[in-house]
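Here is a briefing on one protein model and the ligand it holds. Look at the structure first, then read the points by topic.

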Amino acid sequence: MLPRRMGLRDLLRPRYDGAFAATIGGIVDRIRDRAPPLALSPHERLDGRTVLVTGANRGLGLAITVDLVRRGAHVVMACRSGIPEVMDVVRREAGAGAGTVEAVGLDLGDLASIERMVAELAEDGVALDAVVLNAGIVPREARRTKHGLDESFQVNFLSNVLLVRRLLERGVIARGPGARAGDDPDARDPGQDHRLPRIVFVSSESHRSAPPIDFSRLGSFRAWSMREAVQEYGATKLLAETWSHELANRLRGEVAVHTVCPGAVNTDIAREAPSWAKPALGATMKAFFKDPALAAKPIVYLVGARAIEGDTGLYVHVTRVKDRAAQARDAELGKRLWDASERLLASTGHALGRSDEGGEGR
Ligand SMILES: NC(=O)c1ccc[n+]([C@@H]2O[C@H](COP(=O)([O-])OP(=O)(O)OC[C@H]3O[C@@H](n4cnc5c(N)ncnc54)[C@H](OP(=O)(O)O)[C@@H]3O)[C@@H](O)[C@H]2O)c1
């Protein structure tokens, strides 16, 4: 018997509150929406654009990097592992007529590593046109980082707050010159590039299945186990969605901020699944999940599409722009999370500057 008031439509709606449900959800999602992903045309170039991609050494991040470099972009690959070999992989796959790459070390489990990387980029005078916050994890159980925080909370959410805020503070993401709200586009110097920088979070539909944000335990460690792994993952993506929605509002007219769920992708995301489940899971992912090169397309679209110039706060789910979950659009929750994450970072010795402070030279 179906529970009362639950119809067929509800049954077919993808759920992401457990590993099995999430796998089936990803497959159902893929079968239901057969439209091509949002994508740049094959010939659209990104010459002269500098893009930082986190988790660029494998999976989706590597595919995003190859696509961007093929289009002529310069990509700063921010990786925890795989440097320098992965740069050769990108050069080989991108082929002739491609852009360039460099790699920098970044461990999102270590806040000092973020500070070091941003300082290095600032000292080198790097000016980013876009940042893709791609790195992410689904740990098999709760683990504590050196800061005493839950690792998935830190890697999937809080570290990105520090990274983005520092990149803005140090002017490594230069807020769009001459492109602020109220600017008259017709009065601009046509010789200057007036495109706003873009921040793109790689998120997940699983944020919809997350329980409401519990501010009383934000950042505090709780020993959860494998059964809760996917739900905890969804909770970190809800935090990222809520915070980035607030970020988009705060940076309106200066930096565009978008989020994207790439759908189910055949990567190493389930590498911590129990060994008994890996053969079946691996075969299912290979058969039904998307190739990373295909999954990268909507992300590259958000980085480079001229069609969305002037937009901010878009949430893309593979083929189309959607509303993110209502919780993530709640302005009160967004402000609360903004302040709470600032306080949390300050308590770890990584206080942030004022959010309306621009980078050097503003
Ligand atoms: N695959 C899917 O079906 C799917 C669906 C929706 C959303 N996503 C999202 O897509 C993004 C990319 O995941 P993926 O599927 O490509 O998984 P993946 O193959 O496991 O790649 C994850 C990447 O994140 C990096 N990373 C992990 N922990 C890090 C840390 N502490 N510091 C810096 N980098 C770290 C990894 O680096 P190492 O190689 O050093 O571990 C790797 O480059 C994630 O945000 C994920 O949530 C994936």
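The notes below cover the ligand site, two helices, the backbone geometry and a few loop and strand positions.

The model is predicted. The protein covers 97% of the 900 Å² of accessible area that the ligand has on its own. Helix α5 has its buried residues within an arc of 165°, so they line one face. The peptide bond from I83 to P84 is cis.

**Ligand site**

- The ligand is surrounded by 28 residues. The closest are N57, R80, S81, Y233 and T267.
- By class, this shell holds 12 nonpolar, 10 polar and six charged residues.
- Two helices, α3 (59–70) and α7 (229–250), each supply at least two residues of the shell.
- Backbone atoms also approach the ligand. For V265, a backbone N or O atom lies 2.8 Å from a ligand oxygen atom.
- For D268, a backbone N or O atom lies 3.1 Å from an oxygen atom of the ligand.
- For G109, the partner is a nitrogen atom of the ligand, and a backbone N or O atom lies 3.4 Å from this nitrogen.
- With the protein in place, 97% of the ligand's own 900 Å² of accessible area is covered.

**Helix α5**

- Helix α5 runs over residues 111–123, which makes 13 residues.
- What span should the 13 residues of α5 have at 1.5 Å a residue? The expected value is 18 Å, and the end C-alpha atoms are 19 Å apart, which agrees.
- The buried residues of α5 are L111, S113, I114, M117, V118, L121 and A122.
- Seen down the helix axis, these buried residues fall within an arc of 165°, so they line one face of α5.
- The face turned away from that buried side carries R116 and E123, which are exposed.

**Helix α10**

- How many of the eight residues of α10 (297–304) are buried? Seven are, and the helix is mostly covered.
- The buried residues in α10 are P298, I299, V300, Y301, L302, V303 and G304.

**Backbone geometry**

- Most residues other than glycine have a negative phi, and most peptide bonds are trans.
- V318 has a positive phi of about 55° although it is not a glycine.
- V318 is found in the loop between β7 (315–317) and β8 (320–322).
- V318 counts as buried because its relative accessibility is 12%, under the 20% cut-off.
- From I83 to P84 the peptide bond is cis, with omega near 5°. P84 lies in the loop between β2 (74–79) and α4 (85–94).

**The loop between β4 and α6**

- R140 and L149 can be read together here. R140 lies in the loop between β4 (130–133) and α6 (151–169). L149 lies in the loop between β4 and α6.
- Is R140 buried or exposed? R140 counts as partly exposed, at 36% relative accessibility.
- L149 is buried, with a relative accessible area of 4%.
- R140 and E228 are 88 residues apart along the chain, and their C-alpha atoms are separated by 8.7 Å.
- L149 and T348 are 199 residues apart in sequence. In space they are 9.7 Å apart, C-alpha to C-alpha.

**Two glycines**

- G25 lies in helix α2 (residues 19–32). G25 is buried, with a relative accessible area of 3%.
- G25 and E205 are 180 residues apart along the chain, and their C-alpha atoms are separated by 9.6 Å.
- G105 is placed in strand β3 (residues 100–105). G105 is partly exposed, at a relative accessible area of 46%.
- G105 and C79 are 26 residues apart along the chain, and their C-alpha atoms are separated by 5.2 Å.

Technical notes
Residues numbered from 1 in each chain as written. Predicted model: local features only at pLDDT ≥ 70, side-chain atom pairs only at ≥ 80, totals over all residues. Heavy atoms only, no water. Near = heavy atom within 4 Å. Polar contact = N/O pair within 3.5 Å; in protein donor to acceptor, adjacent residues only side chain to side chain. Areas by Shrake-Rupley, 256 points an atom, 1.4 Å probe, with all protein chains shown as cover. Helix = DSSP H or I, 4+ residues; strand = E, 2+ residues; numbered from the N terminus. Nonpolar A, V, L, I, M, F, W, Y, C, P; charged D, E, K, R; others polar. Expected span 1.5 Å × (residues − 1). Buried < 20%, exposed > 50% of the residue type's maximum accessible area, 1.4 Å probe, protein only. Arc of directions from axis to C-beta.
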